[in-house]
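Please open the model in your viewer and keep the selection tool at hand. The tour proceeds by selections, from one interface to another.

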Amino acid sequence: MNDEQKHEEIHAILKTVDDPELPSVSVVDLGMVHEVTIDQSKVSITMVPTFAGCPALDFIEKNVKSAVGNIDWVEDCLVAFSFQKKWSTDAITDEGKEQLKKHGVSPPPENYRPGEEWSVNCPYCGSAFTSMENVFGPTACRSILYCGSCKNPFEAMKPVVNYSIVY
Amino acid sequence: MKPVETADQAKQDTSYYNALAELLYQLADDDFIISFRGSEWLGLAPHIEADVAYSSITQNTMGHAFLYYQLLEELGEGEIDTLAHERPPENRRNAVYFEKRNGDGSYLEEPYYDWALTVVRQFLYETMKKVKLEALATSSFEPLANTAQKVLMEQPYHLAHWKMWIAQLQESTEEAQTKIQLRLEEAWKECKDVLELGPKAKEMEQYRLIAGEDFLKKQWLKEVEATIKTPPSQPLDKKFGSGRDGEHTVDLEQALQTLAEVYDSDRNAVW
């Protein structure tokens with residue numbers, strides 16, 4: 001098996017590892033997999049957390065390790081979270097966005113400007129007639145909203161504030 | 001000075017290492033103790049949305065404490081759990097004001113907690129955190145700079161929340177305004193160590209680990225005074241001493257005992 005095939009296999013396995021708080025949305029589709037390096041039978045995966053204070057990171061690391069470790073040619077799998085590369089809401093794939101909606105969670109708004117209020121369309125009916133109920137939700141990365149059209153409460157992923165301070 | 005990229009590089013220079021470790025203890029212990037006081041409000045906040053918001057902020061903040069303890073672990077200071085649970089009060093570096101009890105009573109029986117104290121303290125704390133994070137974002141210790149940049153992407157939500165609370169209560173009834181003002185006056189007498197960097201302050205500044213105390217204090221006051229209507233006129237004081245020097249009150253002992261209760265009952269437990 002050549003390296004390209006190995007990478008494809010790892011990628012396919014990672015597509016089956018879901019975020020523990022968002023069943024059916026894989027860590028790949030959430031844009032959390034930054035880099036995979038393969039050295040013979042050793043695999044190193046660099047991941048980017050959505051929210052640094054997220055308590056699910058340990059579980060994600062464990063699940064990724066065990067899924068990749070199950071591949072027959074893999075002898076060792078290292079998983080590290082990096083803050084060097086910043087997660088951004090753009091990192092969520094189109095498939096990820098669709099899966100989020102099925103779960104009742106709207107993808108984060110595009111073109112968000114820090115400090116401004118934001119709104120998203122309802123993940124169920126698509127209406128823009130929504131209101132923010134609570135910026136804070138059941139996990140650090142989600143907010144609670146309400147749809148005035150289909151009268152459903154729903155959640156949305158918070159946009160992260162793109163805060164760049166350079167030397 | 002050149003950026004220091006790894007824990008191993010930081011260990012090459014004892015003086016640099018000591019200043020860095022001291023700073024990380026302050027950052028970790030501040031987030032840790034304020035999260036504990038926050039967790040004591042679970043289920044008790046004025047209404048359900050406030051409860052969800054405060055719990056979410058507290059959980060995320062405890063996650064930030066974890067990141068700093070992790071950096072200390074990488075430096076060889078000990079395991080994260082040991083650092084969080086086993087260090088005696090005199091080794092803790094959190095500001096004294098952050099360990100103060102939420103009010104009378106206890107969480108399990110008759111918690112007569114004070115929301116005005118909480119709103120004032122959380123607002124002052126988040127403002128401090130923002131000012132420090134902005135200074136840490138260009139720290140000479142790169143792993144710390146990266147952590148600060150990442151936390152800065154989340155923390156504006158926390159600060160905005162407590163700014164909203166204090167702004168609204170200041171425009172509310174006379175009772176609310178008085179309560180907030182009294183807690184602000186109280187904070188001014190106790191919270192000076194919040195802006196201090198302790199015995200290694202000079203080294204921290206010299207090694208460009210963080211900005212100097214005077215700058216941090218000036219920035220903090222500017223931000224705080226932009227939101228509060230009537231800032232107390234007396235200078236900041238620290239009537240219970242400085243947590244940065246390891247001085248603490250019995251309130252910290254109570255917090256640490258409660259925090260470590262489960263940990264102490266079975267240190268090998270996994271959950």
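This is a predicted model. Begin with polar contacts across the boundary of the two chains: between chain B and chain A there are 6 residue pairs in polar contact, both partners at pLDDT 80 or more.

**Stop 1: the elements of chain B.** Select helix H3 (48-75), helix H6 (115-136), helix H7 (142-152) and helix H8 (155-170) of chain B; these are the elements that give two or more residues to the side of chain B that touches chain A. Now restrict the selection to H3(B), which provides the largest share of that side, 10 residues. Colouring the side of chain B that touches chain A by residue class gives 10 nonpolar, 12 polar and 7 charged residues. A search for salt bridges across the interface of chain B and chain A returns 0.

**Stop 2: the whole interface between the chains.** Next, select both sides of the contact. On chain B, 29 residues are in contact with 31 residues of chain A. The area buried between chain B and chain A is about 2,600 Å², and carbon and sulfur atoms give 61% of this area. Which three residues of chain B supply more of the area that chain B buries against chain A than any other three? Select Lys150(B), Met153(B) and Tyr157(B), which supply 31% of that area.

**Stop 3: the domains of chain A.** Hide chain B and colour chain A by domain: domain 1 covers 3-81 and domain 2 covers 100-157. The C-alpha centres of domain 1 and domain 2 of chain A lie 28 Å apart. Select the residues where these domains touch: 7 residues come from domain 1 of chain A and 8 residues from domain 2 of chain A.

**Stop 4: the interface between the domains.** Domain 1 and domain 2 of chain A bury about 670 Å² between them, with carbon and sulfur atoms giving 78% of that area. Within domain 1 of chain A, select Glu21(A), Leu22(A) and Phe51(A): these residues lose the most area to domain 2 of chain A, together 56% of what the domain 1 side buries. By class, the side of domain 1 of chain A that touches domain 2 of chain A has 5 nonpolar, 1 polar and 1 charged residues.

Finally, display the polar interactions between the two domains. Across the interface of domain 1 and domain 2 of chain A there is 1 residue pair in polar contact, both residues at pLDDT 80 or more. The number of salt bridges across the interface of domain 1 and domain 2 of chain A is 0.

Conventions: Residues numbered from 1 in each chain as written. Chains lettered and ligands numbered in written order. Predicted model: local features only at pLDDT ≥ 70, side-chain atom pairs only at ≥ 80, totals over all residues. Heavy atoms only, no water. Contact = heavy atoms within 4.5 Å. Buried area = accessible area lost by both parts, 1.4 Å probe. Salt bridge = Lys/Arg side-chain N within 4 Å of Asp/Glu carboxyl O. Polar contact = N/O pair within 3.5 Å; in protein donor to acceptor, adjacent residues only side chain to side chain. Helix = DSSP H or I, 4+ residues; strand = E, 2+ residues; numbered from the N terminus. Nonpolar A, V, L, I, M, F, W, Y, C, P; charged D, E, K, R; others polar. Domains from an automatic or database assignment.
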